[in-house]
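Subject: Structure for you to look at

Dear colleague,

I am handing over the structure we spoke about, with the sequence alongside. Please open it first, and then read the notes below with the model in view.

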Amino acid sequence: SGHHYHTPFHGMPTESSALALGDAPVAQWTGLPVAYSGTLLNGDSVQWSAADAEGVHVLSIMGSWCPNCMDEHRLILRLLDRFPDLHIHTLAFERGLDREGGLSAALDRLERYAQHMGLDQYADRWTLQLVGPASKAVAQSALPFLDRVVSFPTTIVVGPNQEAPWIHTGFNGPAMGPAYDAEVARFAAAISGSSGSR
């Protein structure tokens, strides 16, 4: 990890009957309303509930420090033109909030993230808000409609034709080849109204 820290790690072959990656834990809906509260980049408080929303909404639980989150946002950017009623909510969990000036620094970092990624071009359809510190336990506590947050990113799609939200844990980026192609298809299907959980 840079020049300041190192640690050895070891691996062992597993039996073919061992837990497959596809069987890894995933977040599930608790049945509670899909809603959140946070702080917008301008410092204003925001509260949102799917019950009051129209159209299709994607909630992306992420951190600006997370490369897989960046890959997921690049995919979602590609889908915005295909789905004109799509709205994106970035729910950021950032490091350093416990430091002096941490809130202001986190909001500045998210502003730079939005500009770097081109999210600010879609200000009418893409909102970024700081929800809490970078912790899966804090994320689950802040978003009780999930039974747990297994990884960043975790993505939720809610729309008018769904009985339950579509929830996706983790993300396979472009370097994963066919697995990324499957992600593109999964996201497009979820947004266009198909439901499922993975």
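The side chains of Asp147 and Arg148 come together in a salt bridge, with 3.8 Å from N to O, in what is, please keep in mind, a predicted model. Asp147 is partly exposed at 36% relative accessibility, and Arg148 is likewise partly exposed, with a relative accessible area of 38%. A search of the whole structure finds four salt bridges, and two others among them deserve a description here.

One of them joins the side chains of Asp71 and Arg74, at 3.2 Å from N to O. Both residues belong to helix H1, where they sit three residues apart, about one turn of the helix. Asp71 has a relative accessible area of 18%, and because the limit for buried is under 20%, it counts as buried. Arg74, in contrast, is partly exposed, with a relative accessible area of 40%.

The other is formed by Glu94 and Arg109, whose closest N and O atoms are 2.9 Å apart. This pair links distant parts of the chain, since Glu94 lies in strand E4 and Arg109 in helix H2, 15 residues apart. Glu94 is buried, at 1% relative accessibility, whereas Arg109 is partly exposed, at 25%.

Which charged residue is buried yet has no salt bridge? That residue is Arg125, and the nearest side chain of opposite charge, Asp81, is 5.1 Å away; because a salt bridge requires a nitrogen and a carboxyl oxygen within 4 Å, this pair does not qualify as one. Arg125 is found in the loop between helix H2 (102-117) and strand E5 (126-133). Leaving aside residues up to four places away in sequence, Arg125 touches Leu80, Phe83, Pro84, Asp85, Leu86, His87 and Ile88.

Turning to the sheet, you will find that it is open and has seven strands, in the order E2-E1-E5-E4-E3-E6-E7, with mixed pairing. Strand E2 (45-49) and strand E7 (166-169) stand at the edges, and each has a single partner strand, so one side of each is left without a neighbour in the sheet. On average, and with direction ignored, neighbouring strands of this sheet are turned by 30 degrees against each other.

Strand E3 (residues 56-62) is a good place to begin a closer look, as it is mostly covered, with seven of its seven residues buried. In a regular strand the side chains alternate between the two faces of the sheet. In E3 both faces are covered: Val56, Val58, Ser60 and Met62 are buried on one side, and His57, Leu59 and Ile61 are buried on the other.

How do the neighbours of E3 run, parallel or antiparallel? E3 and strand E4 (residues 86-94) run parallel and are joined by seven bridges, whereas E3 and strand E6 (residues 154-158) pair in the antiparallel sense over five bridges. On the E4 side, Ser60 has Thr90 as its bridge partner, and Met62 stands opposite Ala92. On the E6 side, Ile61 stands opposite Thr154.

Helix H1 (residues 67-80) joins E3 and E4 in a right-handed β-α-β unit. This helix lies across E3, E4, E5 and E6, and it runs at about 165 degrees to E3. Helix H4 (residues 178-191) also packs on the sheet, where it touches E3, E4, E6 and E7, and its direction makes about 160 degrees with that of E7.

Towards the E2 edge, strand E1 (residues 35-40) and E2 pair in the antiparallel sense over five bridges, and the bridge partner of Gly38 in E2 is Val46. The hairpin of E1 and E2 has four residues between the strands, and in this hairpin Gly43 takes a positive phi near 95 degrees. E1 is also joined to E5 by two bridges, and these strands run antiparallel; here the bridge partner of Leu40 is Gln129 in E5.

With best wishes

Notes
Residues are numbered from 1 along each chain as its sequence is written. This is a predicted model: local features need pLDDT of at least 70, side-chain atom pairs count only at pLDDT 80 or more; totals for chains, interfaces and linings use all residues. Side-chain values use heavy atoms; hydrogens and water are left out. Buried means under 20% relative accessible area, exposed over 50%, partly exposed in between (1.4 Å probe, protein chains only). Two strands pair if DSSP finds at least two bridges between them. A crossover is right-handed if, with the strands pointing away from the viewer, the path from the first strand over the helix to the second runs clockwise. Lys and Arg count as positive and Asp and Glu as negative; His and the chain ends are not counted. Contact means heavy atoms within 4.5 Å. Axes are lines fitted to C-alpha atoms, for helices over the stretch in contact, and angles run from 0 to 180 degrees between N-to-C directions.
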